[in-house]
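Open the model in your viewer and keep the selection tool ready. We will go from stop to stop, looking at what fills the space and what surrounds it.

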Amino acid sequence: MAKWVLITGSSRGIGRTTAIYLAKSGYDIVLHFRSNVEKATDVKNEIISLGRQVRMLQFDVNNRKACEDFLKKDVEINGAYYAVICNAGITADAPFPVMSEEDWSSVINTSLNGFYNILQPIIMDMVSARKPGRIVTLASVSGITGNRGQVNYSAAKAGVIGATKALAVELAKHKITVNCVAPGLIKTDMTENIDIDAMNKIIPMKRIGKPEEVASLIAYLLSDDAAYITRQVISVNGGLC
Ligand code: NDP
């Protein structure tokens, strides 16, 4: 029977690559995005060409009411998800003394409030399904070590790590694992303005990571082999920490 996986922010970057990687691994995909219909449709077509099923959901993870309405309706019609990947995230970097209220709130709302907005409406359906399940959240090296110019992002991602570990404890007895993947620097739109040469000097592996290197870890966490791994933060960062 098809295993459906919801991936937030799967129109671009790590989410997109993960959606395609998981489709290749035999999962069916609920492809969520906010604004980029064209790119999301490209991903949808690629998944269909792989012979998998796909549904598209468009809403802003900051909008609690929209999350609840779209997700509850989708689950009511199609059944509980096997796995949810909370991937949607943004950065809005600035030194803290000049960080605007908007930069603070938008980053916290997308990553940390997004955790609540996405998972809370559908979690009871996963539990009631009485089947093994998987939740994977995306944090960052920034949420573990704290990064200059990213007080908002580090706070949001550290919050995601705490929420992930706590939810893992609550769901363990239901055979639903909850883990956090913490990438270092990965080549996506999010990192297009970063000085790669400067970063390569401080990354022990001397290169930026590929989205596939994050997607393969997520795929492993979704597999039966990873059934006993929960409450963990697993980094993919070329040794950057
Ligand atoms: P991208 O900027 O490439 O893609 C972000 C995705 O998130 C897009 O699909 C975008 O949708 C979606 N998104 C953003 N905001 C919202 C929102 N409010 N509501 C719904 N969807 C939203 O990011 P990456 O792929 O690089 O990052 C993915 C995750 O990995 C993020 O959580 C990020 O913090 C984390 N991460 C990334 C690192 C990196 O180096 N790239 C390093 C560490 C962590 P749309 O296109 O429709 O706007």
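This tour of a predicted model visits the ligand, then the pockets, then a cavity.

**Stop 1: the ligand**

Select the ligand and show the residues around it. There are 33 of them, and R12, S35, N87, Y153 and T188 come nearest. Colour this shell by class. You get 13 nonpolar, 15 polar and 5 charged residues.

Now look for polar partners. Zoom in on S35: a polar backbone atom of S35 is 2.7 Å from an oxygen atom of the ligand. Move to I186. Here, too, a polar backbone atom is the partner, 2.8 Å from an oxygen atom of the ligand. Then pick D60. This time the side chain takes part: one of its N or O atoms is 2.8 Å from a nitrogen atom of the ligand. How much of the ligand does the protein bury? Taken alone, the ligand exposes 900 Å², and the protein buries 97% of that.

Switch to cartoon view. Select α1 (13-24), β2 (28-33) and α7 (151-171). Each of these elements gives at least two residues to the shell around the ligand.

**Stop 2: the largest pocket**

Stay where you are. The ligand takes up the space of the largest pocket. Its volume is about 1,200 Å³. Select the lining: 49 residues, with G89, T91, Y153, T188 and M190 nearest the centre of the pocket. By class, this lining divides into 19 nonpolar, 21 polar and 9 charged residues.

Which elements should you highlight? α1, β2, α6 (141-145), α7 and α8 (196-202) each supply at least two residues of this lining.

**Stop 3: the second largest pocket**

Next, select A2, A80, Y81, Y82 and K131. Among the 17 lining residues of the second largest pocket, these lie nearest its centre. The space here is about 340 Å³. Colour the lining by class again: 10 residues are nonpolar, 3 polar and 4 charged.

**Stop 4: the cavity**

How many cavities of 30 Å³ or more are there? The count comes to 1. The largest cavity holds about 100 Å³ of space. Select C86, A88, T110, S111 and F115, the closest to its centre of the 14 residues that line it. α4 (101-119), β5 (133-138) and α7 each give two or more residues to this lining. The largest share, 5 residues, comes from α4.

Finish by colouring this lining by class. Look for 7 nonpolar, 6 polar and 1 charged residues.

Methods. Residues numbered from 1 in each chain as written. Predicted model: local features only at pLDDT ≥ 70, side-chain atom pairs only at ≥ 80, totals over all residues. Heavy atoms only, no water. Near = heavy atom within 4 Å. Polar contact = N/O pair within 3.5 Å; in protein donor to acceptor, adjacent residues only side chain to side chain. Areas by Shrake-Rupley, 256 points an atom, 1.4 Å probe, with all protein chains shown as cover. 1 Å grid on protein atoms, 1.4 Å probe; cavity = no way out; pocket = protein on both sides within 12 Å on 5 of 7 lines; lining within 4 Å. Sits in = over half its atoms within 2 Å of the grid points. Helix = DSSP H or I, 4+ residues; strand = E, 2+ residues; numbered from the N terminus. Nonpolar A, V, L, I, M, F, W, Y, C, P; charged D, E, K, R; others polar. Points joined across faces, edges and corners; volume = space filled by probe spheres on them.
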